[in-house]
Structure formats: C-alpha cells, structure tokens
Amino acid sequence: MEEQQEEQKENRPQPARPQPPPAARPPGKQHSGVGDQGTKGKSPASSQSDFSDPVYKEIAMTNGYINRMTRDELRSKLAEFKLETRGVKDVLKKRLKNYYKKQKLMQKEALNSDSYYDYICVVDFEATCEEGNPPEFVHEIIEFPVVLLNTHTLEIEDTFQQYVKPEVNPKLSNFCIGLTGITQDVIDKADTFPQVLQNVIEWMRQRELGTKYSYCMLTDGSWDMSKFLNIQCRVSRIKYPSFAKKWINIRKSYGNFYKVPRNQTKLTIMLEKLGMTYDGRPHSGLDDSKNIARIAIRMLQDGCELRVNEKMHAGQLMTVSSSAPLEGAPAPQMPRYRN
C-alpha cells in the first residue's frame, strides 16, 4: 500500500591480486554471515574487534580486486560459486564481496546459527483511498496479507490473506477499486478488522510463531505499521498489537546494504536492480507481499542480515539502532479493547 500511494505520501544514497575464493559450499542458510545490517548474535565480527587480524587485510585486498572486475567477470565468478548472477554491477560486486567475506570469517570462527529469526512475516496492507487522498480522509485496512518466509530454507512457506470490511467509509471509491482490484462485493462479505486480526493471530499461533519459532515482521516502508495499522486500531477501538510494535523496514535495509539513495528503494526499482520483475498484480496486498519476500530472500542470499530497524513507541514511529540486541517478536495475542 505504501508503494501505491508513494507520491501522495511524500508530497504531504593497485594492490596485489589475491586468489579468488575457494569452491563454494552448497547453498543453504546463506544469510548466516556478516552483512551491513549487523551480525548474527555472537559472530566473528562482533567477537573479534581487532581488525589488524590478517583475515581482514585479506578481505580488503579481495574487495579491491572485485572492484576492478567487469560485469562479465563478476557474473562468471558468481556462477562458479553457484550464486545468483542477475542484477546491476554494484549489486553483483556486493554479492561477491559478501560471499567471500562470509567464507573467510566462517573459517576463522564458527557462527552461532541459532540466534537469527526462524521466520519473517511479510505484511503489505491495502487500505481505503481516494484520488488525491485528502488530509482528512481516514484510511482503513481492506486487505490483510501475511507471507511467511522461512529463513533456513529461504523459501515462502505459507501465506495468509483476508479482506476487511471498512466501517468509516464502507463504500469504496472507484479509484480504490481500480487501484487495488478489490470490489465492493468482496468487501461487503468480509469480516470487520477485529475478527480478521483474531484470525491472523490464530494462524500465527498454529505455526508456533513466538513460542517454538522466533520471528519478526517486515514491511515495505514505515506506513503499514505506523499509519495504517495504527489508525485501524483506533477506528476499531482496540489497542495496538504487541507483535507488530517492531519490524524490519526493508527499504531502509536495502538502501543501507546496497548503498543506494532513498528514491531507489521503491518496490519495482528494488526488484529491477536485483534483476527481477514484479510477479502478479500490482497493489494486490498478497502479491505485493510475495514480491517483497522475494527481495528479502535475495538480500539474505547476498549476505545481508535483515534486522528490526523501526518500532512504535507511545504511538510514535521510532528508529531502532542496528547495535540493538536481535530479538524476535512476542507470541501473538489479541489486544484488549480501548476504554
């Protein structure tokens, strides 16, 4: 939903040539390395802060070698290690550098691979809207999708989708119908938000999220949680759910990891830069969520450790430091009704 309202919302970034890396290991939990988003629990980078160690000099020398490679040379080397070869040149360089860095640091010290989230829940709400979205318009969630990404297999394991009946503006605008593809008939038959939220929570409980398995939420931008869910909870007179108080804003993660400016972090641009195209219907909440999950998978494969970077505190959006401890979301519970 944030992507489809972007404009309306924003109107209101010669050393010695070392030998290439050793033969690649078979793909597995490929994100369990050191990325620009931080480290996984007690990793080599965090446990060994002495960068005078020869391994860091070797990594730096290899980075210089990779910087001088052509795009064809990068693709050839990535193919040799059975890594993804699609993407712009800067992405390919980042991918190869992180692969080599992981290999060297894993040789130096074994990683604690149990400290990362087991699952990531990708959410991209669709909400009521009008052309131009006047300031006084109350956005209500009309589609609640969840895509369950297994961080061990790097695959989408399951999905949830339900439509929601709005209360303040029960009749959808033609603009909203045309944009989202959600019809008035679908909305009229849907449950209200509290019931849909209860269904989401039951779905998450059945998958033992927050009990047997650690997890966190992920969105494409800040607005899904800080605006749409926040407003919807007030409209529905329920407290903000605790499991959604912290999340990964993938736009921030993508920009920081690949070193690109904010205007290069829209969904379609992120896909394009990673050598992918949008799959499905744009502005379908479920399809948007699946495509966001594809970006997350590629980032994990490229060595990025996606971490919580935003939260809601006292009703306000706040940034979470990359040095904060890596903690999963709590077991989902239905929030109490407001007085």
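Student: Is Glu167 buried, partly exposed or exposed in this structure?

Tutor: The model is a predicted one, and the class of a residue is read from its relative accessible area. Buried means under 20% and exposed means over 50%. The relative accessibility of Glu167 is 35%, so this residue counts as partly exposed.

Student: With which residue does Glu167 meet in a salt bridge?

Tutor: The contact runs from N to O over 3.8 Å. The cut-off for a salt bridge is 4 Å. The partner of Glu167, through its side chain, is Arg237.

Student: How many residues apart in sequence are the parts that Arg237 and Glu167 tie together?

Tutor: Arg237 is itself partly exposed, at a relative accessible area of 47%. Arg237 belongs to the loop between α9 (223-235) and β6 (246-249), while Glu167 belongs to the loop between β4 and α6 (174-180), so the pair ties together parts whose separation in sequence is 70 residues.

Student: Which residue forms a salt bridge with Asp158?

Tutor: Asp158 is partly exposed, at 26% relative accessibility. In its salt bridge the closest N and O atoms are 2.8 Å apart. The residue that supplies the nitrogen is partly exposed with a relative accessible area of 23%, and it is Arg207.

Student: Where do Arg207 and Asp158 lie, and how many residues apart in sequence are the parts they tie together?

Tutor: The salt bridge joins Arg207 to Asp158. Arg207 is in the loop between α8 (193-206) and β5 (215-219), and Asp158 is in strand β4 (residues 155-163), so the parts tied together are apart in sequence by 49 residues.

Student: How many salt bridges does the structure hold?

Tutor: The pairs discussed so far, Arg237 with Glu167 and Arg207 with Asp158, are among them. Another is the pair of Lys189 and Asp185, at 3.3 Å from N to O. In that pair Lys189 is exposed at 66%, whereas Asp185 is partly exposed at 43%. The number of salt bridges in the structure is 11.

Student: With which side chain does the side chain of Asp220 make a polar contact?

Tutor: Asp220 is placed in the loop between β5 and α9. At 1% relative accessibility, Asp220 counts as buried. Its side chain makes a polar contact of 2.8 Å with the side chain of Arg251.

Student: Which residues of helix α4 are buried, and why do they line one face of the helix?

Tutor: An α-helix has 3.6 residues a turn, so residues three or four places apart point the same way. Viewed down the axis of α4, the buried residues fall within an arc of 100 degrees, so they line one face. In helix α4 (residues 71-80), the buried residues are Leu74, Lys77 and Leu78.

Student: Which residue takes a positive phi just after α4?

Tutor: Helix α4 covers residues 71-80. The residue in question comes just after this helix, and its phi is about 60 degrees. It is Lys82.

Student: Which helix gives the most residues to the largest nonpolar core?

Tutor: This core has 34 residues, and Ile120, Leu218, Ile295, Met299 and Leu306 touch the most other members. At least two residues of the core come from each of β1 (119-122), β3 (141-150), β5, α10 (250-258), α11 (267-273) and α12 (285-301). The element that gives the most, with eight residues, is α12.

Student: How many residues are in the second, separate core?

Tutor: The largest nonpolar core has 34 residues. The second core is separate from it and includes Trp203, Met225, Met312 and Ala329. Its number of residues is 32.

Student: Is Ile238 buried or exposed?

Tutor: Ile238 is placed in the loop between α9 and β6. Among the residues that Ile238 touches are Phe193, Leu197, Pro335 and Tyr337. Its C-alpha atom is 5.8 Å from that of Arg336, although the two residues are 98 apart in sequence. With a relative accessible area of 0%, under the 20% cut-off, Ile238 is buried.

Student: What percentage of the residues in the chain is buried?

Tutor: The chain has 12 helices and eight strands. It exposes about 15400 Å², of which carbon and sulfur atoms supply 48%. Of its 339 residues, the buried share is 52%.

How values were computed
Residues numbered from 1 in each chain as written. Predicted model: local features only at pLDDT ≥ 70, side-chain atom pairs only at ≥ 80, totals over all residues. Heavy atoms only, no water. Helix = DSSP H or I, 4+ residues; strand = E, 2+ residues; numbered from the N terminus. Buried < 20%, exposed > 50% of the residue type's maximum accessible area, 1.4 Å probe, protein only. Polar contact = N/O pair within 3.5 Å; in protein donor to acceptor, adjacent residues only side chain to side chain. Arc of directions from axis to C-beta. Areas by Shrake-Rupley, 256 points an atom, 1.4 Å probe, with all protein chains shown as cover. Core = buried A, V, L, I, M, F, W, Y, C linked by side-chain atoms within 4.5 Å. Contact = heavy atoms within 4.5 Å.
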